[in-house]
2 protein chains.
Amino acid sequence: MNANPKFASADAHVDAAAVQPLPNSRKIYVTGSRDDLRVPMREISQADTPTGFGGEKNPPVYVYDTSGPYTDPEATIDIRSGLPALRARWIAERGDTEQLAGLSSAFGRERDADPSTAGLRFPNLQRKPLRARAGRNVSQMHYARQGIITPEMEYVAIRENQRRVEYIEGLRQSGPQGAKLAELMGRQHPGQNFGAATAREITPEFVRDEIARGRAIIPNNINHPESEPMIIGRNFLVKINANIGNSAVTSSIGEEVDKMTWAIRWGGDTVMDLSTGKNIHETREWIIRNSPVPIGTVPIYQALEKVNGKAEDLTWEIFRDTLIEQAEQGVDYFTIHAGVLLRYVPMTANRMTGIVSRGGSIMAKWCLSHHRESFLYEHFEDICEIMKAYDVAFSLGDGLRPGSIYDANDEAQLSELKTLGELTQIAWKHDVQVMIEGPGHVPMHLIKENMDLQLEYCDEAPFYTLGPLTTDIAPGYDHITSGIGAAMIGWYGTAMLCYVTPKEHLGLPDKDDVKTGIITYKLAAHAADLAKGHPGAQIRDNALSKARFEFRWEDQFNLGLDPDKAREFHDETLPKDSAKVAHFCSMCGPHFCSMKITQDVRDYAAKEGFSETEALRKGMEVKAVEFVRGGSEIYRKQ
Amino acid sequence: MNANPKFASADAHVDAAAVQPLPNSRKIYVTGSRDDLRVPMREISQADTPTGFGGEKNPPVYVYDTSGPYTDPEATIDIRSGLPALRARWIAERGDTEQLAGLSSAFGRERDADPSTAGLRFPNLQRKPLRARAGRNVSQMHYARQGIITPEMEYVAIRENQRRVEYIEGLRQSGPQGAKLAELMGRQHPGQNFGAATAREITPEFVRDEIARGRAIIPNNINHPESEPMIIGRNFLVKINANIGNSAVTSSIGEEVDKMTWAIRWGGDTVMDLSTGKNIHETREWIIRNSPVPIGTVPIYQALEKVNGKAEDLTWEIFRDTLIEQAEQGVDYFTIHAGVLLRYVPMTANRMTGIVSRGGSIMAKWCLSHHRESFLYEHFEDICEIMKAYDVAFSLGDGLRPGSIYDANDEAQLSELKTLGELTQIAWKHDVQVMIEGPGHVPMHLIKENMDLQLEYCDEAPFYTLGPLTTDIAPGYDHITSGIGAAMIGWYGTAMLCYVTPKEHLGLPDKDDVKTGIITYKLAAHAADLAKGHPGAQIRDNALSKARFEFRWEDQFNLGLDPDKAREFHDETLPKDSAKVAHFCSMCGPHFCSMKITQDVRDYAAKEGFSETEALRKGMEVKAVEFVRGGSEIYRKQ
């Protein structure tokens, strides 16, 4: 009984669109203190500046690369085998894990033995699950608090820096033209970081300290050794998450794997598999084995499937088995709605849109049905024990987040947030990594209150917000209503932004929607990095602006977040290749190009030393005549 | 020699897409103190709440309607005749204008006599141009300062209020259910308005006072009597402008008229015709005669065409003739870059992207070529004389706005802003209406400085900004990079937001891009209204959220900014009509709908009086059992 006739394990293959290198881009690896610590970056090469503008060489630009081996032409990609286990040796070296004989969860064993799902199962996992040895704690927070800098920590330090210092220093030392370029590329507005502890350079020790302090997390389950370490915290680059997952109504395993590879191609830093449909277990296995980014889930969704959708039938035992099942597959963080307390539920009765978090509403229903606090809350320390045995991070769910502008920042929401802060302290007592989920729907002027209270209640544990949407009146455009709020809350201190696609409230996103959501959130996260003054964030803007000013069209496309779209838009009006070296564009045509006029102004000013106001005042009239005589044509023929 | 073979006056016709009424919408008119003062609004009707959710009637919602007669099924639309001159009588009654024998501008007369453009010309303008009688001033600011409340002022007062008070009061008085609904619909978060003078209700006297004070403008040239008055000022709803216009490379008159009707259909409050290509004069005439919204232009573009693109050949005489030509056609506001002073030009030499404003670069080139202050600056009072003779408003151009994050808030930009403030005082001395243009490209944390300095330097004259874009790295998505900045600066006090389309920096927008730009900016403007706490702004969010919660899919679509897109997205995954009354959607499927679960929670809580925490603590266990026994099915059959 294959519920997804479109998908069969035997002929699963990678989406061809996911393995094309991006234009003029090359994957490079920066090696750390050991040979097997190789941090990927994307190097975007650039054309030289045209002679009329100075003729200098433009060095390649390095950008953060979430796409994993898929964009490496050297890598062999076979989704039936999954990605290489790059962290396996680091995990083994620590000597604190044991290999299990098989899956510990009853459900996992049952699925693996079920002949009806054989044709769907991921076929080639050779290894057995790992778990911490008795009495050991394998969380990065635990190591950090012992003063240990793990390879994972060093990896993210290199990754966060993106070769910024080497880049600027290299330019500076390459001669006078390089020094000028270093000045131009390296200049950045001082930011406003609202009390964040921004470091000028990210060192492994800084990473360790932030993790020990609870201010950042590296979500990487020991059973997901395929993952490339990344860090989530307010003192690092702002990250984004992409949600994928099937529902009872639509989608197959193959489509979900394609969405994952598509999401990371465009910049998804983590992916949440929110499947609520058929074959959740098998879908997740395929995703994790092929994902170089951390995978998050909401285990209660699957637990609810196990009790046929009857929330009141959920039990701690079923939930516990689900946590272990997923932890042994390699899920890197769990959304757990342990802050939905019985006494908060009635606070939602007068809301405009009640409880909109699925997990929150399930738990609310459970609480009301049983008239007691939820098993998530009552067994929170038991959950911590599971988390630390696999290094799964908490993403403490905001089950009572507002679902409309009307409900923003209400008593229910803020009460739950306070409870999440209390739970954070408990998790930290166990050295378990934690981030906190946030809203939702919030008008602009109430966004900062969310951030400020989160910092206060949760002691700077990373905040991970869904948007927030800043108005409710634009269904079909909620990637934008929420991109506004996301950029702002990222600036204020949110560490990771959960994307919203154009289909939000209307349907399940397809691949196009996933891409639109990702790009929208990448630009929002980047706008936040700029506003915070994150070191080096402005290099890419500077490089792109320089390319734009110099009419290096290809470079302008390639330095952008979506080269394909930029090229497509340009070509709609000026499709010829020659137009891409033209010193004008379709907006203004050759006679009106302000950038071209500016270059004339600049050439003139530079030639005559006009940068001093005083010089300008004297004798400028003569020079003006020369300017006109010299031929001040706006458009120079190629 | 018809340069646009696709367009011929003889068979010009309205775009069929522009004259469809929006779904479940009806155009209504609210009559003011005189019969010919009829203010259009769009009434969106709603379905009743389903019985399971309460069964109440949901009253229609009234929204601001920029679409003019096009969406009125009673109106006869013939773009060859243009729109009715609804303000003609108001203008005539004032007795301060005279009808001219013909066009005063030499260029205008020449074009009208040119047989080669006969086939392109707007065919049916019966009236002659108007001008203020000698010594008179026909600006709304002049009337306002005399204490006169014009019909235009009363019109915008009614328009801004959108029947808010009647709506809420009507509900309140309609019985207990209505009172409950009034409470729900009327509730709004107190905003943060940064010292704005927000009025609880907009009265004609308030409008007059704001205009007299210079804090708001009504751009409505006496030669554009077809326009429906609208107001731009920080104490009113935030407005948006859509740019259209051909270039030397692309587009025809017909396409530009279609873009205008398309732009106002989706919410463009004003339209700027930025044509720089062929037949600028004739294109503008077609647009104005058919536009119910104010039309703005940048006259220097056309003046430059008249000197074959050689900026240094521009003269005051050519520019003056262009102003009069356009003023007599009915342009409502002119962008004039009079703040580009000679001494500011060298300040741009070390910029990343120099001067990116076309008008700014033209004037900079002129200043350098002639080594003197521009004729715009030197003849500023002469320009004021023209403006007040037709009631054209200034939009003082920011010729030195930053074209990249790198250049944001630099000396050149802020120096020019100060000069614009000085020019504002001169214009006000002449009782000429003024708004101030603003950037551009600005990282989030530097946006507020732009607003604060503008308020200070320009004494609260309305600010009109282009975005600003908050990062440079997303060509193809600059409607979003800039929508973020637009929402924020709108919140801080900007009165009108100039849209940016996805094609920005890449090509000329087509109709799809125009729509995307408009909707993005409408939602940004609305987010700003919410954050400022503009009275009544939240009604539409509340209504849409209520519809969403109650699974009134059609109402959710229709209350949104783009019903067509919302419906299309929904139907991609659940296309059947029955799905639109389903109590679930494709995201979660029937078993997982959090809103449905919430309704169960709410019904239960309400039935048992759980809104009091105390009540909850007592005896809830018994009730919990009842809840389960009573059947807590998540999905109710229809």
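In the predicted model, two histidines, A:H441 and A:H505, carry the label "binding site" in an unreviewed UniProt entry. The two positions span 65 residues in sequence, yet their C-alpha atoms are no more than 12.3 Å apart, so they gather at one spot.

A:H441 lies in the loop that runs between strand β13 (434-438) and helix α16 of chain A. Its relative accessibility is 6%, and A:H441 therefore counts as buried, the limit for this class being under 20%. Leaving aside residues up to four places away in sequence, A:H441 is in contact with A:P402, A:G403, A:S404, A:I405 and A:A408, with A:P468, A:L469 and A:D472, with the other listed histidine, A:H505, and with B:R548 of chain B.

A:H505 is also placed in a loop, between strand β15 (496-498) and helix α18 (511-532) of chain A. With a relative accessible area of 12%, A:H505 is buried.

Helix α16, which follows the loop of A:H441, comprises residues 447-457 and packs against helix α15 (residues 411-429) of chain A. The axes of α15(A) and α16(A) are 8 Å apart and form an angle of about 30 degrees. Because angles under 35 degrees count as roughly parallel, α15(A) and α16(A) are described as roughly parallel to each other. Their crossing is right-handed. On the side of α15(A), the contact involves A:Q413, A:L414, A:L417, A:K418 and A:G421, while α16(A) contributes A:N450, A:L453, A:Q454 and A:Y457. Sorted by class, the residues of this contact are 4 nonpolar, 4 polar and 1 charged.

Terms used. Residues numbered from 1 in each chain as written. Chains lettered and ligands numbered in written order. Predicted model: local features only at pLDDT ≥ 70, side-chain atom pairs only at ≥ 80, totals over all residues. Heavy atoms only, no water. Axes fitted to C-alpha atoms, helices over the stretch in contact; angles between N-to-C directions. Helix = DSSP H or I, 4+ residues; strand = E, 2+ residues; numbered from the N terminus. Parallel < 35°, antiparallel > 145°, perpendicular 65-115°, else oblique. Left-handed = near helix turned anticlockwise from the far one by under 90°. Contact = heavy atoms within 4.5 Å. Nonpolar A, V, L, I, M, F, W, Y, C, P; charged D, E, K, R; others polar. UniProt positions renumbered as here; feature names shortened; annotations may be inferred. Buried < 20%, exposed > 50% of the residue type's maximum accessible area, 1.4 Å probe, protein only.
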